[in-house]
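Subject: Structure handover

Hello,

Here is the structure I said I would pass on. Please look it over before reading the notes underneath.

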Amino acid sequence: MKFFLDTANLNEIRDVASWGILDGVTTNPSLVAKETMPFPDLIKAIAEIVAGPISVECISEKAPEIIREGRELAKAAPNIAVKIPITIEGLKAIKVLSGEGIMVNTTLIFSSTQALLAAKAGAKFVSPFIGRLDDISQDGMGLIEEIVSIFENDPYPTEVIVASVRHPRHIVDAALIGADICTVPYAVMEKLVRHPLTDLGIERFLKDWGKVKK
Ligand code: G3P
């Protein structure tokens, strides 16, 4: 499974990139709004740090405008994936932009039919938001299971990005199901590494090492 970082914060991206496990980055308008750097500079800076796909969201709502915006965004760097919300207008734009070789990440996916249609339109990625489904007591991970099975039955090259991740168990379950990618917020990413028994073990080994005759 690939790991993307769900943030637009350069410090977080630089940090996780230095761990050697980062495959890409996803941003959205809410994440970008937390940063101070002008949007075009920010996107270019992110795309320089990470070689993998960098998702950047279109905010237009009509297909011709989404297409225009998507083309502009994609010019920023070769690794930009244009993020398009799943709507009928979005589908039209996905078809055109994907046909031009632009990577499209279809976002705000909350049902298997949305994922299936995005894949048929040629999207490189679909992003089901599992945390937001869990928030309204629906089964977010069940949706991932369904989409992964559908893409196995009807083999599309589209990759499933598990998005709106809230805690480490989401990552474990996504990996067990065989999702292609998890996009993870920085705070959750840190939790994936830490374990109190590891900390205790290091502490004990260092203490005992102090007693070793050298
Ligand atoms: O990748 C999608 C993500 O940014 C949405 O997460 O926590 O706002 O539901 P959240």
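The notes below go from the whole chain to two strands and then to single residues.

**The chain as a whole**

Please keep in mind that this is a predicted model. The chain has 214 residues, of which 48% count as buried. It contains 11 helices and 8 strands. The C-alpha trace spans about 75 × 40 × 30 Å along its principal axes.

Among contacts in the chain with a separation of 6 or more, 57% are between residues 24 or more positions apart. The exposed area of the chain is about 11,200 Å², and 57% of that comes from carbon and sulfur atoms. There are 23 positive and 28 negative charges, and the mean positions of the two sets lie 5 Å apart.

**Strand E3 and its neighbours**

In a regular strand the side chains alternate between the two faces of the sheet. Strand E3 covers residues 54-57. Ile54 and Val56 point one way from E3, Ser55 and Glu57 point the other way, and all are buried.

Which strands pair with E3? One is strand E2 (residues 24-26), which runs parallel to E3 and is joined to it by 2 bridges. Another is strand E4 (residues 80-85), also parallel to E3, with 4 bridges between them. Ile54 takes part on both sides: Val25 stands opposite Ile54, and Ile54 stands opposite Ile80 in E4. From E3 the chain passes through helix H4 (residues 63-74) to reach E4, and this β-α-β crossover is right-handed.

**Strand E8 and its neighbours**

Strand E8 (residues 181-184) is covered on both faces. Ile181 and Thr183 lie on one side, Cys182 and Val184 lie on the other, and all are buried.

E8 runs parallel to strand E1 (residues 2-6), and 4 bridges join the two. Strand E7 (residues 159-162) is likewise parallel to E8, joined by 2 bridges. Ile181 appears in both pairings: the bridge partner of Lys2 in E8 is Ile181, and Ile161 stands opposite Ile181. The chain gets from E7 to E8 through helix H9 (residues 168-177), in a β-α-β crossover that is right-handed.

**Two residues with positive phi**

Most residues other than glycine have a negative phi. Leu108 is not a glycine, yet its phi is positive, at about 60°. Leu108 is found in strand E5 (residues 103-109). Is Leu108 buried or partly exposed? Its relative accessibility is 31%, so Leu108 counts as partly exposed.

Ser164 also has a positive phi of about 60° without being a glycine. Its place is in the loop between E7 and H9. Ser164 has a relative accessibility of 9%, so it counts as buried.

**Gln114**

Leu108 comes up again among the contacts of Gln114. Gln114 sits in helix H6 (residues 112-120). Leaving aside residues up to four places away in sequence, Gln114 touches Ile86, Leu108 and Ile109. Gln114 has a relative accessible area of 22%, and because buried means under 20%, Gln114 is partly exposed. Gln114 and Ile147 are 33 residues apart along the chain, and their C-alpha atoms are separated by 9.6 Å.

Regards

Terms used. Residues numbered from 1 in each chain as written. Predicted model: local features only at pLDDT ≥ 70, side-chain atom pairs only at ≥ 80, totals over all residues. Heavy atoms only, no water. Buried < 20%, exposed > 50% of the residue type's maximum accessible area, 1.4 Å probe, protein only. Pairing = 2+ DSSP bridges. Right-handed = clockwise from strand over helix to strand, strands pointing away. Contact = heavy atoms within 4.5 Å. Areas by Shrake-Rupley, 256 points an atom, 1.4 Å probe, with all protein chains shown as cover. Lys, Arg positive; Asp, Glu negative; His and termini not counted. Charge placed at Lys NZ, Arg CZ, Asp CG, Glu CD.
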